[in-house]
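The exercises below ask you to work through side-chain contacts and strand order, each with a solution in steps. Keep the coordinates open while you read.

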Amino acid sequence: MYYFLLAKRIVFVAIFILIFIFIISIYFVKLYFVRGSSMEPTLFNGDLVFVIKSTYLSLNYQLNDIVLVKKDNSEIVKRIVALPYDEVFVDENKVIINNSKIIYFKLLPSIPKPPVKKYHLGTVEYFILGDNLSVSIDSRFLGPVKISEITGKVIFRIWPLFRK
């Protein structure tokens with residue numbers, strides 16, 4: 001009889017934990033598999049990352065935060081390189097932020113050059129880039145992203161645990 005009650009209690013606790021995890025995952029967190037090589041060497045294709053959703057939480061986004069962005073019905077992982085009110089100039093082979101920070105890049109021949117353009121970011125706009133600038137499709141091509149398009153902040157990589 002004792003083992004029956006113990007098993008019943010363990011099943012009850014396990015079900016409670018699963019329901020709790022399910023509710024948390026619906027509203028607050030997300031597991032996301034990185035697709036593509038645009039964030040290498042930080043994140044690789046197939047890496048599993050832990051994302052805190054911004055849906056119900058007010059997240060403060062900082063420079064160099066890695067975020068999950070929903071753009072044109074697809075989700076992409078990129079790094080924030082410019083914040084609201086920043087000035088960004090995109091040239092054929094460089095990005096200049098606030099006339100001081102210069103990020104140089106060289107695109108693969110298969111990727112068209114980004115348009116030469118100057119952006120004055122608004123109160124809810126961010127400029128995002130992939131770490132692997134030679135293959136990344138990011139704000140150089142898509143323009144700034146609005147805070148409403150940022151669905152969450154990548155906190156850490158879950159899998160693989162270790163990388164050589």
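**Exercise 1.** Determine whether arginine 163 is buried, partly exposed or exposed, and find which side chain it meets in a salt bridge.

Solution. In this predicted model, the relative accessible area of arginine 163 is 31%, and because buried requires under 20% and exposed over 50%, the residue is classed as partly exposed. Its side chain meets that of aspartate 47 in a salt bridge, with 2.6 Å from N to O. Aspartate 47 lies in the loop between S1 and strand S2 (48–53), whereas arginine 163 belongs to the segment after strand S11 (150–159), so that the two are 116 residues apart. Aspartate 47, at 3% relative accessibility, is buried.

**Exercise 2.** Describe the salt bridge between glutamate 92 and lysine 113, and classify the accessibility of both residues.

Solution. The N to O distance is 3.9 Å, which falls within the 4 Å cut-off for a salt bridge. Glutamate 92 sits in the loop between strand S5 (87–90) and strand S6 (94–97), and lysine 113 in the loop between strand S7 (101–104) and strand S8 (117–120). Glutamate 92 is partly exposed at 44% relative accessibility, while lysine 113, at 56%, is exposed.

**Exercise 3.** Give the order of the strands in the open sheet and identify which strands stand at its edges.

Solution. The 7 strands follow the order S1-S2-S11-S3-S4-S9-S10, with antiparallel pairing. Strand S1 (29–33) and strand S10 (145–146) each have a single partner strand, so one side of each lacks a neighbour in the sheet. Within the sheet, 6 bridges join strand S3 to strand S4, and valine 67 has lysine 78 in S4 as its bridge partner.

Technical notes
Residues are numbered from 1 along each chain as its sequence is written. This is a predicted model: local features need pLDDT of at least 70, side-chain atom pairs count only at pLDDT 80 or more; totals for chains, interfaces and linings use all residues. Side-chain values use heavy atoms; hydrogens and water are left out. Two strands pair if DSSP finds at least two bridges between them. Helices (H or I, at least four residues) and strands (E, at least two) are DSSP runs, numbered from the N terminus. Buried means under 20% relative accessible area, exposed over 50%, partly exposed in between (1.4 Å probe, protein chains only).
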